[in-house]
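Here is a protein structure to explore, one part at a time. Keep the model open beside you as you read, and look up each residue as it comes along.

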Amino acid sequence: MKIYLPLIAFFLLNIYNPTSVLAQKTSSYTYSVAQQPWQESLGNHRAVLQIDKAAEVVNLDFNWRRPDKEVGKKCFLIINAITGDTIQNINRIIVSNEKCKLQFGPVKENGIYYFYYLPYVVQHGWGGYNKGYIPQEKQPAAEWLNQTNREKWPVAKIIRVESREEFDSFYPMEVIATTAEEDSYKKQNRSELYLFPEDRKNTIRMRKNIPMRWINKKQGDAFAGEAAPNEYYAFQIGLWAGNEDVNKVSYQASPLQCGAETIPATAITCFNVEGTDPYGNFFKKEINVPQGNVQPLWFGIDIPTGQKAGIYEGRITISDATGKQSTVPVRIRIAGNVLVDRGDSEPWRHSRLRWLNSTLGIADTPTSPYTAMTVNGNQVGCLGRTVVIEPQTGLPQQIDSWGTEILEKPVQFIIRTSEGAKNLKATPTTEEKTAGHITQSWKAEDEDLAVSCKTVMEFDGWMNYIYTILPKKDIKVEDIRLEVPVKKEIGTEFMGMGLPGRDTPLEYDGKWDAPEKNVNSSGVSLPTSTKFQWWWPFDSFWIGNAHAGIHCEFRGSTYSGPLLNLYRPAYPESWYNGGKGGFSIRREDKEVKAIAYSGERNMKKGEPITFDFAMIITPVKKLDMKRQFTDRYYHHGKNPTPPEEDVKAGIRIINIHQGNEYNPFINYPFLTTDKIKEFTKEWHQKGCKVKLYYTLRELSNVTPEIWAIRSLGEEILRGGKGGGFPWCREHFVSDYTPQWYEHFEYENNLGVLADAAILTTESDSRWYNYYIEGLAWFIRNLDLDGIYMDDVSFDRRVLKRLRRAMESVKPGCLIDLHSNTGFSRGPATQYTEFFPYVDKLWFGESFAYNKMSPANYLVETSGIPFGLTGDMLQNGGNAWLGMQYGMTSRDAWQTEGVICNPRNVWKIWDEFGIADADMSGFWEENPAVTASNDTIKVTSYIKKGDKTLLSIGNYSDEAKTAQLDIDWKQLGLDPKQTKLVAPEIPDFQQKYEWNIDAPIHVEPRKGYLIYLIQN
């Protein structure tokens, strides 16, 4: 399929290389892009050679000036442009980053030859690129080699240096200056600091080399640019540490003057030196540049709408810790019409860099559907939930969730010494009360310890407790622990502490897993366990049932977002305590007690230790099963356009996944906005909502701002050993971690062969600010209805901002969350704190639906205990058992060779009218229908007094038979006038009828959908 995207082609031509496709000259070579891209496996670069006569040996002296590593380890291919014949012998004389000197032959014909010096192995498909460059060619034949020094052989002329596509080109910013040129430049251009201003089109890319084009620039040269009124204007200054390390870089900007008109210095910022973090805090960064390295400094000028035309002049002075400084004069010509969108719709302008410092969505107000916090004496309330505060500890004395009390006894934080438990108590003082949160604190002390506690409860039911324990003398502590005693009838299900979702065990003891550090090929530290088969890593647990529960997270590490295989910080040391800490569960007569202990430790006088934990009360919102049955998803990875039959089946929401013509580049949809907008408009007219795959775990290499982002060090992009797809090796070179890879199997005009993303960091990076602004931009400009998130590394605060930002543009937007157990061990545990802001779950990648227990389905997949609903994924899920929770797979998704098709079940939903029915799950205390065999569960969808739909499921690996026990009063049906009918459902069940009291035979891991209808 040929996809014509001229707008993207224009963007790429203007973003990634300012040269255009016309030939460009530098030194003695012409750099250009091939008129027709050559075969991919030959690599991204070649020299076009002219050989005037045939000869046994031809010499080549090529100053190729390459930025990549290990230039001598790749295969060299010299091919006749007409015949395609390959030269058999190549004698390498000098191969370095600066120069390539060869002899090759025999050359049987004169003419044009192509010298390919970076051929690689093409890898189709998606996942991770694990091939590489073709290794060095074989040694030349000895007989031929003996001829190379016998006479003066002809020299090949380099006509031009070509890249396969514009996107691949090294020119001009990755054509290196030689060491000799650098030394000469420093002698001829004395300067305290070497500064090279560059236009935004000429993105500074290399870290270890300066571009050859800088050799012709003088120190003190002015930067000249042109901007429109209201444009956010971006440009760069390259700082080269040519002579020595340059540490603690700072800048000083003057106002820009044009007669009496001024652009104030406060309108100028350097993104590398300062910024605003994801929580609205201004910060400054320490920038240190090792000797020989280049540090791009990206600047932004906030030009007002009413700025008058003219040439505005000023200066920017860069200095270091020693007081050395240099100045760049700046001249900005303001001209043209007002740029209404500030330049945001044209990626080459880099105007969106200002989004890095955005505070959009930061507020202290509840998001929908939440209400303002309430306080009534010692009772603190939020939507559907109330916490009674114990007057002397500030901890929950009782928690009520939607009318159900959770605790058997108050929560306790216990400090125990050899003399027993410390009795350190005080009455909490309320410090702040707003619509969004309530904070309290208290302090107490005895002869041994001073303890302070700060608490906060927020509108979504999240509570945070931070205890600071300060020894007044050296003291041995036996244990510091948290005890959560839950009513026995509430604490029936459990997940966390290393356990998957399951029935709460009678007794359990676990430890924090002590990791053994391995390092993968990308240089990422991966702790692993050789002792346990747990859901690992973990930092939390949840205990409860479908109506009430508590999630508890143990905090204090460098990162408190979801623990994924790519983001695994050290455990919080206060709780972990060198491996002495651990967990236990005890089921007793009236309670189930979940305990996190830290074990014994010796505390030193004056050295405080902090214990930080957070709880969230579940369900986080009221369960809405009607939306589960009506908001049906179409989710086709490669083709998001639903066929007519799927539309007729009730599709209401379309997810545009990544890796297709509408959204080809992972987590960077900004280059195909016209196509997305057109698609969204079309499907809105047909009554469907449209959501977009847009997340954060990795970032596509096509991102126009990628070089500005890399200039921020590891604030946004994680470092690493590099590798991966050849384009990344050639341009990023080093200090990155390859992540997602997808080879484009369709023809296009993008000039990009593959999406080769690199890993982002788990730190509080400003890319979160950009992400939130970007989402709001999509909704505002493309009329999207929400996003699909695929495993992320930020914490709940960022998602809260994101939800608030969406609502500010278009209320009612949707978020669905996906996670893969290959990334997130026990995703429901990892993401519980996200649930207040999520509309739908799509966990299940790597799930074994044909092995899972009922409790595992309920807790980790369905979303029901949290006030959410879910869909199934791996292998299409289990259609029979999924219906116990109102779940199907997602229409059109392809998984493990299965194309998901829930439409036959949806047809039954519609025939029955399930959206208007009441669900009575098998997990209820008094379910409407039960089975005589414990391995067979029954969920009832009740239209009282009319009809009922039963979902019957066998969770055993053996066929089972059971009779139904029906509470006719709950159903409002007369048993004497009711029959059991299983309608025919293709690929699900054949039509069948039973008498009311007849046994029902159920195959292993299967079930039925059965009508209870009046005769």
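## Helix H10

In this predicted model, helix H10 is mostly covered, with 14 of its 16 residues buried. H10 runs over residues 767–782. Its length can be checked with a little arithmetic: at 1.5 Å a residue, the 16 residues of H10 should span 22 Å, and the end C-alpha atoms are 21 Å apart, so the two agree.

What comes right after the helix? H10 is followed by Asp783, and the phi of Asp783 is positive, near 65 degrees.

## Helix H11

You can repeat the check on helix H11, residues 796–809. Its 14 residues should span 20 Å at 1.5 Å a residue, and because its end C-alpha atoms are 20 Å apart, expectation and model agree.

H11 is mostly covered, too: ten of its 14 residues are buried. How many of them can you find in the model? Look for Arg796, Val798, Leu799, Lys800, Arg801, Leu802, Arg803, Arg804, Ala805 and Met806, which are buried. The cover over the buried residues of H11 includes helix H10, together with strands E33 (449–458), E34 (462–471), E55 (786–790) and E56 (814–820).

## The nonpolar cores

In soluble globular proteins, nonpolar side chains tend to be buried together. Here, the largest nonpolar core has 229 residues, and Phe62, Phe104, Phe115 and Phe613 are those with the most contacts inside it. Which element gives the most to this core? That is H10, with ten residues.

Phe62 is a good place to zoom in. Not counting residues up to four places away in sequence, Phe62 touches Tyr29, Ala47, Glu98, Lys99, Cys100, Phe115, Tyr117, Ile158 and Val161. Apart from the largest core lies another core, of 32 residues, and among them are Ala227, Ile303, Ile318 and Val328.

## A look at the cavities

Rolling a probe the size of a water molecule over the atoms shows where empty space is left. A search of the whole structure finds eight cavities of 30 Å³ or more. The second largest cavity holds about 90 Å³ of space.

Which residues line the second largest cavity? They are Val380, Ile389, Gly394, Ile438, Gln440, Thr455, Val456, Met457, Met463 and Tyr465. Strands E32 (437–445), E33 and E34 are the elements that give two or more residues to this lining, and the largest share, three residues, comes from E33. Sorted by character, the lining residues of this cavity are seven nonpolar, three polar and no charged.

## Two buried residues

Is Ile1000 buried or exposed? Its relative accessible area is 2%, and buried means under 20%, so Ile1000 counts as buried. You will find Ile1000 in strand E68, residues 1000–1002. Leaving aside neighbours within four places in sequence, Ile1000 is in contact with Ile952, Lys960, Thr961, Ala962, Leu964, Leu980, Trp994, Tyr1008 and Ile1010. Take Thr961 from that list: Ile1000 and Thr961 are 39 residues apart in sequence, while their C-alpha atoms are 5.4 Å apart in space.

Tyr736 sits in the loop between helix H9 (726–731) and strand E52 (738–743). Because its relative accessibility is 1%, Tyr736 counts as buried. Now try a distance across the model: Tyr736 and Gln963 are 227 residues apart in sequence and 61 Å apart in space, C-alpha to C-alpha.

Definitions and conventions. Residues numbered from 1 in each chain as written. Predicted model: local features only at pLDDT ≥ 70, side-chain atom pairs only at ≥ 80, totals over all residues. Heavy atoms only, no water. Helix = DSSP H or I, 4+ residues; strand = E, 2+ residues; numbered from the N terminus. Expected span 1.5 Å × (residues − 1). Buried < 20%, exposed > 50% of the residue type's maximum accessible area, 1.4 Å probe, protein only. Contact = heavy atoms within 4.5 Å. Core = buried A, V, L, I, M, F, W, Y, C linked by side-chain atoms within 4.5 Å. 1 Å grid on protein atoms, 1.4 Å probe; cavity = no way out; pocket = protein on both sides within 12 Å on 5 of 7 lines; lining within 4 Å. Points joined across faces, edges and corners; volume = space filled by probe spheres on them. Nonpolar A, V, L, I, M, F, W, Y, C, P; charged D, E, K, R; others polar.
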